[in-house]
Structures are given as C-alpha cells and as structure tokens.
Amino acid sequence: MKRLLAHKKQLALIPLAWLLAMMPLISACMGTSAQGIANTPTAAAGDGVEFTLKTTTDNNGLAFIGVGGSIDGQRNPTLNAAANTTVKVNLIDGDGIQHTISFPDFNATASAISKMNETTSVTFTPSKTGSFQYFCTIPGHKAAGMVGQINVGSDSSQVATADDISHLPGDIPPTVGARDPQTVRVDMNVVEKEGQLDDGTTYTYWTFDGTVPGPFIRVREGDTVELHLKNPADAKMAHSIDLHAVNGPGGGATVMQVAPGEEKMFTFKALNPGIYVYHCATPSVAHHIAQGMYGLILVEPAGGLAPVDHEYYVMQGDMYTSQPFGTKGHLDFNDAEMMAEQATYIVFNGEVGALTTKHPLTAKVGETVRIFFGNGGPNYTSSFHVIGEIFDKLYNQGAITSPALTNVQTTTVAPGGATMVEFTVQVPGRYLLVDHALSRIEEGALGFLVVEGDANPDIYSSPATPAASGGH
C-alpha cells in the first residue's frame with residue numbers, strides 16, 4: 001500500500017502522441033504564453049503568496065503554464081515561497097480535460113476540474129523548507145508532463161547534489177576487428193561514492209570504476225583476459241566480480257572476493273562470443289547489484305562485428321530505498337523492499353534522467369544504430385522497446401553468432417541477461433527508450449534517442465510534421 005501511495009503510475013489515459021513527446025524530465029521546454037491574473041512569485045515571512053496556473057495540452061505533452069507575474073508563460077514554473085506563510089494556487093482548465101493540482105508534501109490537493117476555463121484552487125501553509133514537487137494527480141498526467149517544483153524558504157538542506165554517476169552511453173571501446181587472439185589486461189577499481197539519483201536526490205552507490213553501469217569490456221573470442229580488481233582501503237565493504245562470459249566456478253567470484261585495501265587478479269579465456277553481464281557477487285549479491293555493481297562484457301567473434309554508425313551501451317537496474325520516489329535529499333537502501341521485490345526506482349544507466357536530460361543518444365537520418373542493452377536487475381525483467389522504431393536485427397539473449405531475428409518490436413531481457421539490437425533511423429525526431437512495462441517510466445526507466453535530419457514524408461508525415469528537426 002505504501003508503494004502504491006508513493007507512485008502514481010497508471011498510464012492508461014495517456015495517448016501515444018503524448019508519450020512520444022513526454023516532458024516530465026525536460027525543464028527547458030518552451031511554453032505557450034498566457035495572459036491573466038497578476039500574482040506575487042515570492043513572499044516574505046508572515047506574508048501570503050498567490051500563484052495562478054493554466055493547464056495545456058500541446059505537442060510537448062501536458063503541462064501547467066504560469067499566468068501573470070514573473071512566472072507568466074513559463075511551463076511548469078518553479079514556485080517560490082517562505083516557510084510558515086499562506087500559499088494559494090489557482091488552477092484554470094485550459095484544455096477541457098480533467099485535471100487537479102497537488103502538493104503532497106503539505107497534504108494539499110485542489111478539487112478536480114474538467115471543463116474549459118473552469119477554476120479551482122488550493123491553499124496551504126508550508127511548515128518545512130526545501131524543494132518539493134507539485135503535480136496533477138489524474139492517472140498518467142504527471143508522466144505526461146504535469147509536474148513542477150516549489151521551493152520553500154532559503155534552506156536547501158533537503159535538496160542534495162552529488163556527482164553524475166551515469167555511464168555515458170557512447171563510452172564504448174572500438175571493435176576489436178580482425179586481429180588475432182591476444183592477452184588483454186583489464187584493470188577495475190571499486191568506488192563507493194555518493195551520486196545523483198534524481199534532481200535534488202542522492203544515493204550511496206557501489207560501483208566499478210565510479211559509474212553505473214561499470215566499464216564496457218570488449219575482447220574477442222580466444223583472448224586470454226587478465227582481470228585485476230582493486231578495492232581501496234577506505235571502502236566499507238568487500239566486493240568481487242562474476243563475469244557471465246567466464247567458464248569457471250562463480251564466473252571468477254570464488255577467487256575474486258576483495259577486502260578493503262586489497263587487489264586480486266585472475267585470468268580466463270574468452271571461449272564463447274556474445275554479450276554478457278558482469279556483476280559483484282559478494283553476499284548479499286542482490287544488495288551489491290542494487291547499489292550499482294554491474295556492467296557488460298562483449299566477446300566478439302573472430303573478425304569482429306560489422307560496422308555501424310553508432311554504438312550505445314544501456315543497462316537497466318532496479319533500486320530500493322526507504323523513502324518514496326521523488327523524495328529530496330539523501331536516500332537510504334531498504335533491504336526489506338528489495339527482498340519483497342518492490343522497487344522504488346527503475347532506471348537506465350544508474351539514475352533518473354541519465355539518458356534524457358543528461359546524455360541522450362543521438363543519430364542522423366539514414367544512420368545505423370546498435371544498442372547493447374543489459375539488465376543488471378537484481379529482480380525485474382525488462383521489456384526493452386524503442387517507441388517509433390523497429391529492431392531491424394535482434395540478437396536474442398545476446399547470441400551474436402546466431403542468425404538475427406528481424407523486424408522485432410519489443411524484446412524480453414531477464415535480470416542478468418543482455419541483448420544486441422540494430423536499426424536504421426529514417427525519420428527525424430525524439431524516440432523514447434522504455435521498458436514496455438510502461439508504468440516504470442514514472443520510476444525512472446526512460447531514455448531519448450534524438451534523430452536529426454530532413455523529414456521523410458514518404459515514410460512518416462502529418463499536417464504538423466516540420467521540414468526538419470534538430471532539437472531535443
């Protein structure tokens with residue numbers, strides 16, 4: 001029940017066009033200018049503050065538009081108020097669709113409206129300082145873009161910042177090509193560090209080399225791999241590595257349990273071509289994985305892979321915190337939620353927004369894209385899908401030497417599994433990478449592929465289709 005209250009995850013009411021343009025994670029959207037009631041954007045202690053917002057439905061999704069004052073015309077404007085003062089928010093229905101507005105941290109929700117120009121309002125007195133969300137509570141509307149922020153007071157203690165923990169999706173070593181087998185040394189370091197989980201939200205990650213996922217390891221069939229793992233003296237935990245590409249007990253983990261201050265090494269011969277997951281295998285294994293300790297190793301066949309224009313590295317993981325999704329500040333791991341398989345966050349490349357606002361995938365019309373997609377887990381199976389594209393080739397279960405499946409819409413990737421997909425992009429625009437268990441979008445499982453180039457009306461057109469697209 002706690003989890004259901006914490007997440008508004010029903011997407012059944014969102015048309016596909018809104019999903020394709022969904023902007024809950026894009027703060028830089030341009031809004032439609034609105035005219036109306038002037039209001040005061042901030043207030044001193046003891047004074048009241050009043051804001052007016054108007055709902056909109058457009059090609060960028062759903063949103064609140066500021067009306068009057070310094071927020072006029074802003075999309076999902078940031079509201080500012082002092083603690084212990086009266087805050088009144090007026091809402092105008094600007095699209096004839098049912099909406100409301102809620103400030104859950106202050107137990108304040110306006111009554112619903114559903115007719116053009118109908119109004120409602122909510123009044124509350126925030127008693128705590130920090131940064132908090134406001135959003136529409138109609139199922140799916142938050143995910144379609146109706147979410148903003150209210151800053152209360154000058155105390156930012158509840159808003160946390162830390163390093164970007166996400167592995168860059170394009171950070172992949174080049175193909176091994178047609179070289180002969182050789183000995184390849186791989187050095188990896190355990191890094192336990194605080195990282196950015198979401199806007200204003202941090203988390204203590206355990207990582208390989210400081211990112212989630214860890215480094216993309218690329219070798220060829222027949223190579224002898226010498227793998228070194230170093231755990232720094234100031235680490236709090238022992239760590240290890242289990243590579244699914246290894247033929248041997250524990251995938252290496254039985255000889256690679258590394259205590260703080262130690263470094264260990266083992267060798268293995270890469271016998272089987274494929275794309276494989278690696279992860280920490282120190283008890284509790286699921287805990288170490290949920291903290292971010294996973295990655296991919298590619299064993300290329302003799303001769304290497306065929307060239308493509310772009311290669312990208314994407315991994316999904318599920319995370320478990322004691323605080324609800326969207327809570328600001330530093331979040332704590334929750335073992336009971338992990339054992340119950342009740343994820344708080346489900347993310348691509350370690351954090352909310354990693355592949356949207358921070359590091360979207362890019363391509364140009366006519367180019368080929370290859371995605372190595374893995375699922376670190378520890379618990380949830382993924383239904384990987386790119387909305388608006390079809391996988392020309394899918395190497396099921398990461399079997400890259402087997403004949404590819406062709407013309408595939410969605411593929412299942414189990415925890416600890418991986419796949420390789422390839423496709424050509426024919427039409428400009430922004431494509432969504434999702435787990436097609438679509439409520440997971442609202443738990444963070446969302447990425448963008450931004451395609452630039454000339455429109456292709458023979459393949460895709462509408463009266464509103466622009467001649468070219470080059471933005472996010």
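These legends describe close-up views of a predicted model.

**Figure 1. Overview of the predicted protein chain.** The protein has 472 residues, and 54% of them are buried. It holds four helices and 30 strands. Sequence-distant contacts are frequent: of the contacts between residues at least 6 apart in sequence, 71% join residues at least 24 apart. The accessible surface is about 18,700 Å². Carbon and sulfur atoms account for 50% of that surface.

**Figure 2. Confidence along the chain.** The mean pLDDT is 88. A value of 70 or more is reached by 87% of the residues. Residues 1-46 have a pLDDT below 50. In the model, this stretch still has 119 contacts beyond near neighbours in sequence. Residues 467-472 also have a pLDDT below 50. For that stretch the model shows 15 contacts beyond near neighbours in sequence.

**Figure 3. Strands S1, S4 and S7.** S1 spans residues 49-58. S4 covers residues 87-92, and S7 covers residues 119-124. S4 pairs with both S1 and S7. The S1 pairing is parallel and runs over six bridges. The S7 pairing is antiparallel, also over six bridges. Thr52 stands opposite Asn90 of S4. Leu91 stands opposite Thr120 of S7. S4 is mostly covered, with five of its six residues buried.

**Figure 4. Phe51 in strand S1.** Phe51 belongs to S1. Its relative accessibility is 0%, so it counts as buried, the cut-off being under 20%. Gly66 lies 15 residues from Phe51 along the chain. The C-alpha atoms of the two residues are 7.9 Å apart.

**Figure 5. The largest nonpolar core and a separate one.** The largest nonpolar core contains 31 residues. Ile371, Phe384, Phe423, Leu433 and Leu449 have the most contacts inside it. Strand S22, residues 368-377, gives the most to this core, with three residues. Another core, of 28 residues, lies apart from it. Phe51, Ala81, Ala83 and Ile150 are among the members of that second core.

**Figure 6. Contacts of Leu449.** Neighbours within four places in sequence are left aside in this view. Leu449 then touches Leu361, Thr362 and Ala363, among others. Its contacts also include Phe423 and Val425. Gly429, Arg430, Tyr431 and Leu433 are further contacts of Leu449. Phe423 and Leu433 appear again here, having been listed with Leu449 among the residues with the most contacts inside the largest core.

**Figure 7. The two faces of strand S26.** S26 spans residues 410-413. Thr411 and Val413 form its covered face. Thr410 and Thr412 form the uncovered one. S26 pairs with strand S23, residues 382-387. The pairing is antiparallel and has four bridges. Ser383 stands opposite Thr412.

**Figure 8. Two cis peptide bonds before proline.** Most peptide bonds are trans. The bond from Val212 to Pro213 is cis, with omega near -10 degrees. Pro213 sits in the loop between strand S11 (201-208) and strand S12 (217-220). The bond from Gly377 to Pro378 is also cis, with omega near 20 degrees. Pro378 is in the loop between S22 and S23.

**Figure 9. Two asparagines with positive phi.** Most residues other than glycine have a negative phi. Asn76 has a phi near 50 degrees, a positive value. Asn76 is in the loop between strand S2 (61-66) and strand S3 (79-81). Its relative accessible area is 16%, and because buried means under 20%, Asn76 counts as buried. Asn107 has a positive phi of about 50 degrees. Asn107 lies in the loop between strand S5 (102-103) and strand S6 (108-109). At 75% relative accessibility, Asn107 is exposed, because the cut-off for that class is over 50%.

**Figure 10. Cysteines without a disulfide.** A search of the whole structure finds zero disulfides. Cys136 has a relative accessible area of 1%, so it falls in the buried class. Cys280 has a relative accessible area of 0% and is likewise buried.

Notes: Residues numbered from 1 in each chain as written. Predicted model: local features only at pLDDT ≥ 70, side-chain atom pairs only at ≥ 80, totals over all residues. Heavy atoms only, no water. Disulfide = S-S within 2.5 Å. Buried < 20%, exposed > 50% of the residue type's maximum accessible area, 1.4 Å probe, protein only. pLDDT = per-residue confidence, 0-100. Contact = heavy atoms within 4.5 Å. Areas by Shrake-Rupley, 256 points an atom, 1.4 Å probe, with all protein chains shown as cover. Pairing = 2+ DSSP bridges. Core = buried A, V, L, I, M, F, W, Y, C linked by side-chain atoms within 4.5 Å.
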